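I opened the model to look up a few sheets, some helix packings and a handful of single residues. My entries follow in the order in which I took them.

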Amino acid sequence: MIKVNIHGSCVTRDAFEMYGTNFKIGTYISRNSILAAAQKPLELREDEFEAEPRFYKRMVHVDFNKQVMNRLAENDPEWLVIDLIDERFELLEFLTEDGEKTYITNSSSVARTNILTESRYAKKEYNVIDTSSFSADELEVMIQQYAQEILKRFSSDHIIINESYFCAHFVSNQNEKMRRFNEERVANARKMNQKLSIMYRLLKKYLNCHLIKMIQPCYADQSHKWGLAEFHYIDAYYRHFMEEVNKIVKRYHKTAINIHGSCVSRDIFNFDKEERFRVKKYVGRVSMVSTYFPAIKYPEQDTNDTNGSWENRMLKIDAQKDLFNILSDKGDYLVIDLMDELWDLMKVSKDNTITCMTYSQVLRRSDMAEVLARGKNRRIIHTNEMPEDLLEIYVHQYCRRILAIYSPEQIIINETYPVKKYLNTNNEVVFFEGDRLRKVEENINKLEYFYKKLRHYFKGCHIIEMPKDAMACENHRWGLASNHYTDDFYIERLNQIIQIAEQKENEKMD
């Protein structure tokens, strides 16, 4: 889901609720004029006034205390969408304790409170300001202030202006014939739209962001769920707006990837030159089998500094069996490879708890193995010597817990194996020999068993198969190893992941 925050009105919120199936609204701020949002605050506690419904009370509290900007940055949004329909409200002009002018949106939410009749602000003098009385220069100063604050929190290429206006005509729910609002309402719509046109132009100027123009012609809808109003539109408006949003987001949205595996998956995204993807979580050196065993407390105070911070985090995840909690911070896809199943397990005991950890070079380089085995015998377990029925239990639990987080359609198995040959520094193809070659063949057999199990339990997932002509590379950034491949290996796998993601995006757009 793509997280979006909104500063605007129901014209934007309703569009996302109706047709934004791939979006999640995080924060929605309405009934707060952009002209007032960057002004000086007036302190107002929530227990000082009453308002129903609760949403109206929150919006008034946000307005008085000028919390709009901070609230819009909440919930880790990827996009901000702004419309100006709430600029229909007048402003209340107060003086702060320092004698400076500030403004509050005189919305219907304020009218439903007792702030102006019973709170301490009932005793303060204020002026009611029709914002149409502001000159273009005054509007420009206030909008520039607003834009400056917004750009401290959002990049301009992730802001969308929904340029919406008042309608002079509506469609009757009786016969769908276009009808005209009465002359008073038409005159008010014309006045509002003149002001909104200036404000949208200035907002676009200072935010330098995306702008979606209102579909033409557009009418109000007498059968709208909120009733007849100049800005309660026909269905075509909402469809058009979301179609345009999807076009913009498709150009900028980075597909979030979580990885449980090794560098063979992580390094794929080093070739993502167009930055289509964002690796959100990467957990390595934690074997699938090790996740079956109980958690122990990670003895941070006893480990040395041989490993880097990432390696130490992986040790902690393995010891505390936090893999599934980490992966619960979901990406759009989970990429899994099983290279870490080639490590043995180390059986250790701490605080009367017996567990197994992945006996990777990270664990070997640390002194954690010695710390955990202090005064006890540790044991190295070779998983290729384990009974298949026991391995079946371990793999089944892993798959069951993954499926509690991700659907099969979100899982990509990067089915990768060690290779028997490599490209040397002279660009010649060379075969591994002796014990190294025998180890490759042994590891291929081991991995084939595990990948077969994943295919069985993750029915419906995406599978990227191992190319038959894959080779290792002596010039690889991590050095020569049977799972450090030539560049074309990673590029080809990246292209397959792009195809998977694009197919899903096209389905969403349809």
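**Sheet with β19**

I started with an open sheet of three strands in this predicted model. I read its strand order as β20-β19-β22, and the pairing is mixed. At the edges I found β20 (429-431) and β22 (472-473), each of which pairs on one side only. I then looked at how strand β19 (residues 421-423) is joined to β22: the two run parallel and share two bridges. Within that pairing I noted Leu423, which stands opposite Cys473 in β22.

**Sheet with β4**

I went on to another open sheet of three strands, ordered β5-β4-β6, where the pairing is antiparallel. Its edge strands are β5 (101-106) and β6 (127-129), and each pairs on one side only. I noted an average twist of 35° from one strand to the next. For strand β4 (residues 90-95) I counted six bridges to β5, and these strands run antiparallel. Phe94 is the residue I picked out here, and it stands opposite Thr102 in β5.

**α14 against α15**

Next I took up the helix pairs. Two packed helices are described by the angle between their axes and the distance between the axes. For helix α14 (residues 388-403) and helix α15 (residues 434-457), I have axes that come within 10 Å and cross at roughly 45°. I therefore entered α14 and α15 as oblique to each other. Their crossing is right-handed.

I listed the residues that meet. From α14 they are Glu388, Leu391, Glu392, Val395, His396, Tyr398, Cys399 and Leu403, and from α15 they are Tyr449, Phe450, Lys453, Leu454 and Tyr457. Sorted by class, this contact of α14 with α15 has nine nonpolar residues, one polar and three charged.

**α1 against α8**

How are α1 and α8 oriented to each other? I found that helix α1 (residues 10-19) and helix α8 (residues 235-252) pack at about 80°, with axes 9 Å apart. An angle from 65 to 115 degrees counts as roughly perpendicular, so I entered α1 and α8 as roughly perpendicular to each other.

The α1 side of the contact is made by Val11, Thr12, Asp14, Ala15, Phe16, Met18 and Tyr19, which meet Asp235, Tyr237, Tyr238, Arg239, Phe241, Met242 and Val245 in α8. I divided the residues of this contact of α1 with α8 into ten nonpolar, one polar and three charged.

**α6 against α7, and Glu140**

The third pair I looked up is α6 (residues 136-151) with helix α7 (residues 183-207). The angle between α6 and α7 is about 40°, and their axes lie 9 Å apart. I therefore recorded α6 and α7 as oblique to each other, and noted that α6 passes α7 in a right-handed crossing.

On the α6 side I listed Ala136, Leu139, Glu140, Ile143, Gln144, Tyr146, Ala147, Ile150 and Leu151; in α7 they meet Ile198, Met199, Leu202, Leu203, Lys205, Tyr206 and Leu207. By class, the contact of α6 with α7 comes to 13 nonpolar, one polar and two charged residues.

I followed Glu140 separately, as it is found in α6. Which residues is Glu140 in contact with, leaving aside its neighbours within four places in sequence? I found Leu202, Lys205 and Tyr206. I also checked Glu140 against Arg201: they are 61 residues apart along the chain, and their C-alpha atoms are separated by 9.8 Å.

**Backbone entries**

I looked up two residues for their backbone geometry. The peptide bond from Gln216 to Pro217 is cis, with omega near -10°. I placed Pro217 in the loop between β10 (210-213) and β11 (220-221). The other residue is Asn75, which is not a glycine but has a positive phi of about 70°. I found Asn75 in the loop between α4 (68-72) and β3 (79-82).

**Whole protein**

I closed with the overall figures. The secondary structure comes to 16 helices and 22 strands. The radius of gyration is 30 Å, well over the 24 Å that the globule rule gives for 510 residues, so I entered the protein as more spread out than a compact globule. Along the principal axes, I read a C-alpha trace spanning about 90 × 50 × 45 Å.

Technical notes
Residues numbered from 1 in each chain as written. Predicted model: local features only at pLDDT ≥ 70, side-chain atom pairs only at ≥ 80, totals over all residues. Heavy atoms only, no water. Pairing = 2+ DSSP bridges. Helix = DSSP H or I, 4+ residues; strand = E, 2+ residues; numbered from the N terminus. Axes fitted to C-alpha atoms, helices over the stretch in contact; angles between N-to-C directions. Parallel < 35°, antiparallel > 145°, perpendicular 65-115°, else oblique. Left-handed = near helix turned anticlockwise from the far one by under 90°. Contact = heavy atoms within 4.5 Å. Nonpolar A, V, L, I, M, F, W, Y, C, P; charged D, E, K, R; others polar. Rg over C-alpha atoms; globule rule 2.2 N^0.38 Å.
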